[in-house]
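Please read the sequence and the structure together before turning to the explanation. The text after them goes from the overall fold to single residues.

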Amino acid sequence: MIKHRKLAARALLAVVFWPSLFFFWFLGPFVFFLLSTTSSEVCMRLETRAEFLAAAKGAIPMLALQNLIYAIPIICLVLWGCLFPDPARARHIVTCIKLFASAVVVGALWEYGSSLICDGYGQGFFSPAWQMTSYLPIVSLVLNAPLYVLAFSLGRAFSTREDVAEDEASPPA
């Protein structure tokens, strides 16, 4: 009975993990990028420093929601780790969490920083140091590539049943 519940929990986590991994992690950045680049009319209305800063701070709830949605595969990995403890996988999950946290910070700095340098009139309201945030997508790529690979391999390992994996590993009789 307990084995069936764990198997059902594993299957339910897989049903949540795989779609969220592909739709949120692989397609989500493109959607958010399109949303951020198509809203150029906001920049045209900003005339004062206060309006500009208010518009930039208005992006913070969207960033928080975006990162909460992106955390769903990591939460699934943590739950799988709790249901099926394995020290080697636990270390990889901790690595995933660290990479994800770093990617969240870099992504938030990039998105918030890029909103601070867009004033619509070519006037700099803030320090040119914010223009350095244009290099953060490269850092984000360096963090996200191993995160994607590690999360994918952990998801595959957790969502594969042991009895199926053992049958595939054993030589044919």
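What follows describes the chain as a whole, then its confidence, and then selected sites.

This is a predicted model, and the chain contains eight helices and zero strands. Read along the sequence, the pattern is therefore α-α-α-α-α-α-α-α, with helices counted from the N terminus. Of the 173 residues of the chain, 28% count as buried. The chain exposes about 11100 Å², and carbon and sulfur atoms supply 72% of that area. Contacts between residues at least 6 apart in sequence can be sorted by their separation: 85% of them join residues at least 24 apart.

Confidence varies along the chain. The average pLDDT is 77, and 68% of the residues score at least 70. Where in the chain is confidence lowest, and where is it highest? The lowest value belongs to helix α2 (residues 41-45), with a mean of 48, while helix α5 (residues 72-83) has the highest, at 94. Over residues 38-43, pLDDT stays under 50. For that stretch the model has five contacts beyond four places in sequence.

Helix α1 spans residues 2-37 and includes Ala14. Ala14 has a relative accessibility of 15%, so it counts as buried, the limit being under 20%. Leaving aside neighbours within four places in sequence, Ala14 is in contact with Pro19, Trp80 and Ser159. Ala14 can also be paired with Phe158: the two are 144 residues apart in sequence, yet their C-alpha atoms are 8.2 Å apart in space.

A second alanine, Ala56, lies in helix α3 (residues 49-57). Because its relative accessibility is 2%, Ala56 counts as buried. Ala56 and Glu111 are 55 residues apart in sequence, and the distance from C-alpha to C-alpha is 9.4 Å.

The next helix, α4, covers residues 60-70 and holds Asn67. Is Asn67 buried or exposed? Its relative accessibility is 18%, so Asn67 counts as buried under the 20% limit. Not counting residues up to four places away in sequence, Asn67 touches Phe100 and Val104. Asn67 is one of the buried residues of α4, which are Leu63, Gln66, Asn67 and Tyr70. These residues cover an arc of only 95° around the axis, so they are on the same side of α4. On the other side of α4, Pro61 and Leu68 are exposed.

How many salt bridges does the structure hold? There is one, and in it the side chains of Arg89 and Asp86 meet, at 3.8 Å from N to O. Side chains of opposite charge can pair when their charged atoms come close. In this case the distance of 3.8 Å falls within the 4 Å limit for a salt bridge. Neither partner counts as buried: Arg89 is partly exposed because its relative accessibility is 21%, and Asp86 is partly exposed because its relative accessibility is 31%.

Attention now turns to the surface. Met132, Tyr135, Ile138 and Val142 form a nonpolar patch there, with about 460 Å² of accessible area together. Met132 is placed in the loop between α6 (87-116) and α7 (136-159). With a relative accessible area of 53%, over the 50% limit, Met132 is therefore exposed. Tyr135 is also found in the loop between α6 and α7. Its relative accessibility is 52%, so Tyr135 counts as exposed. Tyr135 and Trp110 are 25 residues apart in sequence and 8.2 Å apart in space, C-alpha to C-alpha.

To return to the sites in turn: Ala14 in helix α1 is buried, and so is Ala56 in helix α3. In α4, the buried residues, including Asn67, are on the same side, with Pro61 and Leu68 exposed on the other. Met132 and Tyr135 are exposed, and both belong to the nonpolar patch on the surface.

Conventions:
Residues numbered from 1 in each chain as written. Predicted model: local features only at pLDDT ≥ 70, side-chain atom pairs only at ≥ 80, totals over all residues. Heavy atoms only, no water. Helix = DSSP H or I, 4+ residues; strand = E, 2+ residues; numbered from the N terminus. Buried < 20%, exposed > 50% of the residue type's maximum accessible area, 1.4 Å probe, protein only. Contact = heavy atoms within 4.5 Å. pLDDT = per-residue confidence, 0-100. Patch = residues over 30% accessible without salt bridge, like charges linked within 9 Å, V, L, I, M, F, W, Y side chains within 5 Å. Areas by Shrake-Rupley, 256 points an atom, 1.4 Å probe, with all protein chains shown as cover. Arc of directions from axis to C-beta.
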